[in-house]
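Student: I am new to this structure. Could you take me through one part of it closely, the strands and what packs around them, and then show how the rest connects?

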Amino acid sequence: MKHRFAVIVILSTLSAALLGGCKPAQSGESGAAHADPEPTSVTVFGERALLFLEYPHLVRGVEARFLAHLSVLVDGEPVRTGEVTLRIGSVALVAQVPKREGLFVPTGSLPAAGRFPGTLLVRSGQVEETLDLGEIVVHETAAEALKAATSGGEEDPPNAAPFLMEQQWKVKLLLAQAAPRTLIERLSVPAQIVTPQGSEAVVSPPAAGRFLAPVSGELPRVGDRVSAGQVLGFVEPPLAASDMAQLRALDLQYQSLDLEIDLKALEVSRALHEARARLAFAEKENTRIANLRAEGLSTVQQQDEAQQNLAVAKADEFASRSTRESLERLLASRANKVQD
(Lines give C-alpha, C1' and ligand atoms only; values in the text may rest on other atoms or scores of the structure.)
Protein backbone atom coordinates (compact mmCIF):
# COMPACT_ATOMS: atom_id res chain seq x y z
CA MET A 1 0.00 0.00 0.00
CA LYS A 2 1.26 3.47 -0.84
CA HIS A 3 1.03 6.03 1.98
CA ARG A 4 1.59 9.78 1.93
CA PHE A 5 0.78 12.68 4.26
CA ALA A 6 1.33 16.37 3.59
CA VAL A 7 3.26 19.12 5.34
CA ILE A 8 0.98 22.04 6.21
CA VAL A 9 3.33 25.01 6.81
CA ILE A 10 7.07 25.80 6.92
CA LEU A 11 7.67 28.71 9.28
CA SER A 12 11.44 29.29 9.51
CA THR A 13 14.84 27.64 9.41
CA LEU A 14 15.01 27.78 13.20
CA SER A 15 11.55 26.54 14.14
CA ALA A 16 8.13 25.83 12.68
CA ALA A 17 4.82 25.12 14.30
CA LEU A 18 2.40 23.00 12.35
CA LEU A 19 -0.57 20.75 12.68
CA GLY A 20 -0.40 17.90 10.24
CA GLY A 21 2.33 15.43 9.34
CA CYS A 22 5.38 14.93 7.21
CA LYS A 23 6.15 13.61 3.73
CA PRO A 24 7.40 10.03 3.77
CA ALA A 25 11.15 10.05 3.89
CA GLN A 26 11.86 8.21 0.66
CA SER A 27 15.63 8.14 0.74
CA GLY A 28 17.78 6.68 -1.93
CA GLU A 29 17.86 3.48 0.12
CA SER A 30 14.13 2.89 -0.08
CA GLY A 31 13.94 3.76 -3.74
CA ALA A 32 16.75 1.39 -4.67
CA ALA A 33 15.67 -1.49 -2.49
CA HIS A 34 11.91 -1.34 -3.08
CA ALA A 35 11.22 0.18 -6.45
CA ASP A 36 8.30 -2.12 -7.25
CA PRO A 37 5.90 -2.74 -5.66
CA GLU A 38 5.45 0.21 -3.34
CA PRO A 39 6.65 -0.49 0.21
CA THR A 40 4.50 -0.39 3.31
CA SER A 41 4.94 2.82 5.33
CA VAL A 42 4.06 3.71 8.89
CA THR A 43 4.16 7.15 10.55
CA VAL A 44 4.12 7.33 14.34
CA PHE A 45 4.08 10.44 16.52
CA GLY A 46 5.43 9.64 19.97
CA GLU A 47 5.78 11.95 22.93
CA ARG A 48 9.39 12.78 22.08
CA ALA A 49 10.19 11.21 18.70
CA LEU A 50 8.68 11.09 15.20
CA LEU A 51 9.11 7.89 13.15
CA PHE A 52 8.59 7.24 9.48
CA LEU A 53 9.15 3.55 8.75
CA GLU A 54 9.30 1.96 5.27
CA TYR A 55 9.58 -1.75 4.61
CA PRO A 56 8.58 -4.22 1.85
CA HIS A 57 5.52 -6.40 2.12
CA LEU A 58 6.91 -9.13 4.33
CA VAL A 59 7.17 -12.80 3.38
CA ARG A 60 7.90 -15.59 5.83
CA GLY A 61 11.60 -16.51 5.86
CA VAL A 62 12.60 -13.75 3.37
CA GLU A 63 15.07 -11.16 4.63
CA ALA A 64 13.77 -7.59 4.64
CA ARG A 65 15.26 -4.20 5.33
CA PHE A 66 13.33 -1.72 7.52
CA LEU A 67 14.14 1.95 6.86
CA ALA A 68 13.45 3.83 10.09
CA HIS A 69 13.66 7.62 9.78
CA LEU A 70 13.67 9.24 13.25
CA SER A 71 13.33 12.90 14.25
CA VAL A 72 13.35 14.63 17.63
CA LEU A 73 9.98 16.37 17.97
CA VAL A 74 11.16 19.18 20.24
CA ASP A 75 13.76 20.60 17.82
CA GLY A 76 13.17 18.86 14.45
CA GLU A 77 16.69 17.39 14.43
CA PRO A 78 17.44 13.91 13.01
CA VAL A 79 18.50 11.23 15.52
CA ARG A 80 22.26 10.98 14.88
CA THR A 81 23.43 8.46 17.47
CA GLY A 82 22.28 5.44 19.43
CA GLU A 83 20.60 2.19 18.41
CA VAL A 84 17.19 0.98 17.32
CA THR A 85 15.42 -2.28 18.24
CA LEU A 86 12.50 -3.35 16.05
CA ARG A 87 10.26 -6.01 17.61
CA ILE A 88 7.74 -7.93 15.50
CA GLY A 89 6.03 -10.51 17.67
CA SER A 90 8.88 -12.39 19.40
CA VAL A 91 11.53 -11.39 16.82
CA ALA A 92 13.92 -8.53 17.61
CA LEU A 93 15.90 -6.84 14.83
CA VAL A 94 18.62 -4.43 15.97
CA ALA A 95 20.41 -1.57 14.19
CA GLN A 96 23.30 -0.70 16.52
CA VAL A 97 24.29 2.51 14.70
CA PRO A 98 22.52 4.78 12.22
CA LYS A 99 23.38 4.22 8.57
CA ARG A 100 23.43 8.00 8.28
CA GLU A 101 21.90 10.91 10.18
CA GLY A 102 18.29 10.09 11.05
CA LEU A 103 18.23 6.70 9.27
CA PHE A 104 18.44 3.30 11.00
CA VAL A 105 18.20 0.07 8.98
CA PRO A 106 17.37 -3.03 11.07
CA THR A 107 17.47 -6.11 8.82
CA GLY A 108 16.24 -9.69 9.18
CA SER A 109 13.57 -12.26 8.36
CA LEU A 110 10.41 -13.38 10.13
CA PRO A 111 10.07 -17.14 10.77
CA ALA A 112 6.25 -17.33 10.72
CA ALA A 113 3.39 -15.85 8.73
CA GLY A 114 0.57 -13.98 10.43
CA ARG A 115 -0.27 -10.68 12.09
CA PHE A 116 2.04 -9.55 14.89
CA PRO A 117 2.27 -6.49 17.16
CA GLY A 118 5.19 -4.25 16.30
CA THR A 119 7.20 -1.78 18.38
CA LEU A 120 10.34 0.22 17.76
CA LEU A 121 12.62 1.23 20.63
CA VAL A 122 15.09 4.06 20.04
CA ARG A 123 17.90 4.66 22.55
CA SER A 124 19.97 7.77 21.92
CA GLY A 125 21.52 10.66 23.77
CA GLN A 126 19.00 12.85 21.94
CA VAL A 127 15.84 10.88 22.66
CA GLU A 128 14.68 7.59 24.14
CA GLU A 129 11.21 6.22 23.48
CA THR A 130 9.23 3.10 22.53
CA LEU A 131 6.89 3.64 19.56
CA ASP A 132 3.87 1.44 18.85
CA LEU A 133 3.73 0.33 15.19
CA GLY A 134 0.37 -1.37 15.44
CA GLU A 135 -0.16 -4.66 13.59
CA ILE A 136 2.46 -5.89 11.11
CA VAL A 137 1.48 -8.50 8.50
CA VAL A 138 3.85 -11.31 7.40
CA HIS A 139 2.65 -13.19 4.30
CA GLU A 140 3.06 -16.91 3.68
CA THR A 141 4.23 -16.54 0.06
CA ALA A 142 5.66 -13.90 -2.25
CA ALA A 143 2.51 -14.11 -4.37
CA GLU A 144 0.36 -13.13 -1.39
CA ALA A 145 2.71 -10.24 -0.64
CA LEU A 146 2.54 -9.00 -4.23
CA LYS A 147 -1.25 -9.22 -4.25
CA ALA A 148 -1.46 -7.21 -1.03
CA ALA A 149 0.94 -4.62 -2.46
CA THR A 150 -1.04 -4.09 -5.66
CA SER A 151 -4.55 -4.09 -4.19
CA GLY A 152 -6.10 -1.15 -2.44
CA GLY A 153 -3.29 1.24 -3.24
CA GLU A 154 -3.78 4.97 -2.70
CA GLU A 155 -2.75 7.53 -5.29
CA ASP A 156 -1.04 10.81 -4.44
CA PRO A 157 -3.43 13.81 -4.42
CA PRO A 158 -3.24 16.12 -7.46
CA ASN A 159 -0.31 18.57 -7.48
CA ALA A 160 1.27 16.88 -4.45
CA ALA A 161 4.79 18.19 -3.74
CA PRO A 162 7.23 15.67 -2.21
CA PHE A 163 9.05 16.93 0.88
CA LEU A 164 11.44 14.30 2.20
CA MET A 165 12.42 14.06 5.84
CA GLU A 166 16.02 14.69 4.79
CA GLN A 167 14.78 18.06 3.47
CA GLN A 168 12.75 18.72 6.61
CA TRP A 169 15.81 18.13 8.80
CA LYS A 170 17.72 20.82 6.93
CA VAL A 171 15.14 23.47 7.86
CA LYS A 172 14.55 22.02 11.36
CA LEU A 173 10.83 21.66 10.68
CA LEU A 174 8.70 21.01 13.76
CA LEU A 175 5.68 18.76 13.29
CA ALA A 176 2.62 17.92 15.39
CA GLN A 177 -0.54 15.92 14.87
CA ALA A 178 -3.77 17.76 14.15
CA ALA A 179 -5.98 17.55 17.23
CA PRO A 180 -8.57 19.65 19.10
CA ARG A 181 -6.89 21.93 21.62
CA THR A 182 -7.97 24.63 24.06
CA LEU A 183 -7.11 28.05 22.67
CA ILE A 184 -8.25 30.14 25.64
CA GLU A 185 -8.80 28.97 29.18
CA ARG A 186 -11.45 30.77 31.21
CA LEU A 187 -11.94 30.55 34.96
CA SER A 188 -15.01 31.99 36.68
CA VAL A 189 -14.42 32.98 40.30
CA PRO A 190 -16.24 35.30 42.75
CA ALA A 191 -14.56 38.67 43.04
CA GLN A 192 -15.02 42.15 44.48
CA ILE A 193 -14.38 45.24 42.40
CA VAL A 194 -12.67 48.07 44.29
CA THR A 195 -12.55 51.55 42.80
CA PRO A 196 -8.90 52.65 42.40
CA GLN A 197 -7.77 55.50 44.63
CA GLY A 198 -8.21 58.86 42.96
CA SER A 199 -11.05 57.62 40.74
CA GLU A 200 -13.89 58.70 43.01
CA ALA A 201 -14.90 61.90 44.80
CA VAL A 202 -17.28 62.70 47.65
CA VAL A 203 -19.35 65.82 46.88
CA SER A 204 -20.84 67.58 49.91
CA PRO A 205 -23.37 70.43 49.66
CA PRO A 206 -22.39 73.79 51.17
CA ALA A 207 -25.57 73.78 53.28
CA ALA A 208 -28.19 71.35 54.53
CA GLY A 209 -31.21 70.78 52.38
CA ARG A 210 -32.84 68.62 49.75
CA PHE A 211 -31.05 67.63 46.56
CA LEU A 212 -33.33 68.29 43.58
CA ALA A 213 -32.99 67.21 39.97
CA PRO A 214 -31.55 69.66 37.44
CA VAL A 215 -33.64 71.31 34.73
CA SER A 216 -33.60 68.07 32.70
CA GLY A 217 -35.55 66.40 35.52
CA GLU A 218 -33.18 63.40 35.78
CA LEU A 219 -30.59 62.83 38.48
CA PRO A 220 -27.34 61.09 37.44
CA ARG A 221 -27.07 57.41 38.37
CA VAL A 222 -24.14 55.44 39.70
CA GLY A 223 -21.80 54.67 36.81
CA ASP A 224 -22.97 57.55 34.60
CA ARG A 225 -20.17 59.57 32.99
CA VAL A 226 -20.21 63.27 33.92
CA SER A 227 -18.05 66.17 32.81
CA ALA A 228 -16.48 69.11 34.62
CA GLY A 229 -18.92 71.98 35.14
CA GLN A 230 -22.01 69.83 34.51
CA VAL A 231 -25.01 70.72 36.72
CA LEU A 232 -25.95 67.52 38.55
CA GLY A 233 -28.74 69.04 40.69
CA PHE A 234 -29.74 71.76 43.08
CA VAL A 235 -29.70 71.97 46.89
CA GLU A 236 -32.86 73.45 48.39
CA PRO A 237 -32.39 74.53 52.03
CA PRO A 238 -35.18 73.46 54.45
CA LEU A 239 -37.34 75.90 56.38
CA ALA A 240 -35.39 76.59 59.56
CA ALA A 241 -36.67 78.17 62.77
CA SER A 242 -35.52 81.58 61.55
CA ASP A 243 -37.58 81.08 58.40
CA MET A 244 -40.63 80.25 60.47
CA ALA A 245 -40.08 83.35 62.65
CA GLN A 246 -39.78 85.42 59.53
CA LEU A 247 -43.08 84.01 58.28
CA ARG A 248 -44.74 84.97 61.57
CA ALA A 249 -43.33 88.48 61.31
CA LEU A 250 -44.52 88.72 57.77
CA ASP A 251 -47.95 87.47 58.86
CA LEU A 252 -48.20 90.05 61.63
CA GLN A 253 -46.69 92.96 59.82
CA TYR A 254 -47.56 92.41 56.22
CA GLN A 255 -51.05 91.03 55.69
CA SER A 256 -50.51 91.66 52.00
CA LEU A 257 -48.15 88.69 51.90
CA ASP A 258 -50.97 86.15 52.29
CA LEU A 259 -50.46 84.97 48.74
CA GLU A 260 -46.75 84.38 49.28
CA ILE A 261 -47.46 82.36 52.42
CA ASP A 262 -50.02 80.26 50.58
CA LEU A 263 -47.50 79.56 47.84
CA LYS A 264 -44.95 78.59 50.44
CA ALA A 265 -47.51 76.23 51.99
CA LEU A 266 -48.06 74.58 48.63
CA GLU A 267 -44.33 74.19 48.16
CA VAL A 268 -43.91 72.63 51.61
CA SER A 269 -46.78 70.23 50.89
CA ARG A 270 -45.26 69.22 47.58
CA ALA A 271 -41.88 68.63 49.22
CA LEU A 272 -43.51 66.37 51.80
CA HIS A 273 -45.20 64.26 49.11
CA GLU A 274 -41.92 63.89 47.23
CA ALA A 275 -40.08 62.89 50.41
CA ARG A 276 -42.72 60.26 51.19
CA ALA A 277 -42.49 58.85 47.66
CA ARG A 278 -38.70 58.60 47.93
CA LEU A 279 -39.03 56.95 51.32
CA ALA A 280 -41.47 54.34 49.97
CA PHE A 281 -39.13 53.57 47.07
CA ALA A 282 -36.09 53.33 49.37
CA GLU A 283 -37.96 50.92 51.69
CA LYS A 284 -38.92 48.67 48.76
CA GLU A 285 -35.40 48.76 47.35
CA ASN A 286 -33.86 47.95 50.73
CA THR A 287 -36.22 44.98 51.14
CA ARG A 288 -35.44 43.73 47.63
CA ILE A 289 -31.66 43.95 48.14
CA ALA A 290 -31.95 42.24 51.54
CA ASN A 291 -33.87 39.33 49.98
CA LEU A 292 -31.29 39.01 47.19
CA ARG A 293 -28.50 39.16 49.75
CA ALA A 294 -30.09 36.30 51.70
CA GLU A 295 -29.96 34.21 48.50
CA GLY A 296 -26.39 35.26 47.69
CA LEU A 297 -27.47 37.30 44.64
CA SER A 298 -26.33 40.74 45.78
CA THR A 299 -23.19 42.20 47.31
CA VAL A 300 -22.50 43.73 50.70
CA GLN A 301 -21.86 47.03 48.96
CA GLN A 302 -25.32 47.00 47.36
CA GLN A 303 -26.91 46.26 50.72
CA ASP A 304 -24.99 49.09 52.40
CA GLU A 305 -26.02 51.52 49.67
CA ALA A 306 -29.68 50.50 49.99
CA GLN A 307 -29.60 50.98 53.77
CA GLN A 308 -27.87 54.34 53.39
CA ASN A 309 -30.45 55.51 50.83
CA LEU A 310 -33.24 54.41 53.18
CA ALA A 311 -31.74 56.36 56.09
CA VAL A 312 -31.41 59.50 53.96
CA ALA A 313 -34.99 59.13 52.70
CA LYS A 314 -36.28 58.79 56.27
CA ALA A 315 -34.38 61.91 57.31
CA ASP A 316 -35.77 63.86 54.36
CA GLU A 317 -39.31 62.69 55.11
CA PHE A 318 -38.96 63.63 58.78
CA ALA A 319 -37.64 67.11 57.92
CA SER A 320 -40.41 67.71 55.37
CA ARG A 321 -43.06 66.45 57.79
CA SER A 322 -41.74 68.70 60.58
CA THR A 323 -41.76 71.69 58.27
CA ARG A 324 -45.31 70.91 57.21
CA GLU A 325 -46.47 70.62 60.84
CA SER A 326 -44.80 73.93 61.77
CA LEU A 327 -46.40 75.63 58.82
CA GLU A 328 -49.82 74.17 59.69
CA ARG A 329 -49.52 75.49 63.26
CA LEU A 330 -48.60 78.90 61.89
CA LEU A 331 -51.57 78.91 59.50
CA ALA A 332 -53.92 77.74 62.25
CA SER A 333 -52.71 80.53 64.57
CA ARG A 334 -53.16 83.05 61.77
CA ALA A 335 -56.70 81.80 61.10
CA ASN A 336 -57.62 82.15 64.80
CA LYS A 337 -56.34 85.70 64.85
CA VAL A 338 -58.39 86.57 61.80
CA GLN A 339 -61.55 85.18 63.43
CA ASP A 340 -60.89 87.17 66.56
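Tutor: Here is a walk from the sheet to the core, and then on to the charged pairs and the surface. Keep in mind that this is a predicted model.

Start with the open sheet. Four strands build it, in the order 1-2-5-8, and their pairing is antiparallel. Strand 1 (40-45) and strand 8 (103-104) stand at the edges. Each has a single partner strand, so one side of each is left without a neighbour in the sheet. Strands of a sheet pair through backbone hydrogen bonds, either parallel or antiparallel.

Now look inside the sheet. Strand 2 covers residues 49-55, and strand 5 covers residues 67-72. These two run antiparallel and are joined by six bridges. One pairing to find is that of Glu54, whose bridge partner in strand 5 is Leu67.

Next comes the core. Nonpolar side chains tend to be buried together in soluble globular proteins. Here the largest nonpolar core has 28 residues. Which members touch the most others? They are Leu51, Leu53, Leu58, Phe66, Leu70, Leu120 and Leu133. Several elements give two or more residues to this core: strand 1, strand 2, strand 5, strand 6, strand 7 (91-95), strand 10 and strand 11 (128-139).

Take Leu51 as a way in. Leave aside its neighbours within four places in sequence. Leu51 is then in contact with Val42, Thr43 and Val44, and also with Ala68, His69 and Leu70. Its other contacts are Leu120, Leu131 and Leu133. There is also a second, separate core of nine residues, which includes Leu50, Leu73, Leu173 and Leu175.

Strand 6 and strand 7 deserve a stop of their own. They form a hairpin with two residues between them. Gly89 sits in the turn and has a positive phi of about 65°. The two strands pair in the antiparallel sense over five bridges. Within this pair, Val84 stands opposite Ala95 in strand 7. Strand 7 itself has two faces. Val91, Leu93 and Ala95 make up the covered face, while Ala92 and Val94 make up the uncovered one.

Move on to Leu58, one of the core residues with the most contacts to other members. Its C-alpha atom is separated by 6.6 Å from that of Ala145, although the two residues are 87 apart along the chain. Ala145 belongs to helix 2 (residues 142-150). Is Ala145 buried or exposed? Its relative accessible area is 5%, so Ala145 is buried. Not counting residues up to four places away in sequence, Ala145 touches His57, Leu58, Val59 and His139.

Now the charged pairs. Side chains of opposite charge can pair when their charged atoms come close. The model has twelve salt bridges. Three of them are worth finding in the view.

Begin with Glu83 and Arg123. Their side chains meet in a salt bridge, at 3.7 Å from N to O. This pair links distant parts of the chain, 40 residues apart: Glu83 lies in strand 6 (residues 83-88) and Arg123 in strand 10 (residues 114-123). Glu83 is partly exposed, with a relative accessible area of 26%. Arg123 is partly exposed as well, at 39%.

Then turn to Glu77 and Arg80. Their side chains form a salt bridge of 2.7 Å, N to O. Glu77 has 12% relative accessibility, so Glu77 counts as buried. Arg80, at 34%, counts as partly exposed.

The last pair is Arg270 and Glu274. The closest N and O atoms of this salt bridge are 2.9 Å apart. Both residues are in helix 5 (residues 258-294). Because they are four residues apart there, about one helical turn separates them. Arg270 is partly exposed at 38% relative accessibility, and Glu274 is partly exposed with a relative accessible area of 27%. Elsewhere, salt bridges that share partners join Glu77, Arg80, Glu101 and Lys172 into one network.

Finish on the surface. Phe211, Leu219, Val226, Leu232 and Val235 form a nonpolar patch there. Together they have about 390 Å² of accessible area. Leu232 is found in the loop between strand 12 (210-212) and strand 13 (234-236). With a relative accessible area of 31%, Leu232 is partly exposed.

Key: Residues numbered from 1 in each chain as written. Predicted model: local features only at pLDDT ≥ 70, side-chain atom pairs only at ≥ 80, totals over all residues. Heavy atoms only, no water. Pairing = 2+ DSSP bridges. Buried < 20%, exposed > 50% of the residue type's maximum accessible area, 1.4 Å probe, protein only. Contact = heavy atoms within 4.5 Å. Patch = residues over 30% accessible without salt bridge, like charges linked within 9 Å, V, L, I, M, F, W, Y side chains within 5 Å. Areas by Shrake-Rupley, 256 points an atom, 1.4 Å probe, with all protein chains shown as cover. Salt bridge = Lys/Arg side-chain N within 4 Å of Asp/Glu carboxyl O. Core = buried A, V, L, I, M, F, W, Y, C linked by side-chain atoms within 4.5 Å.
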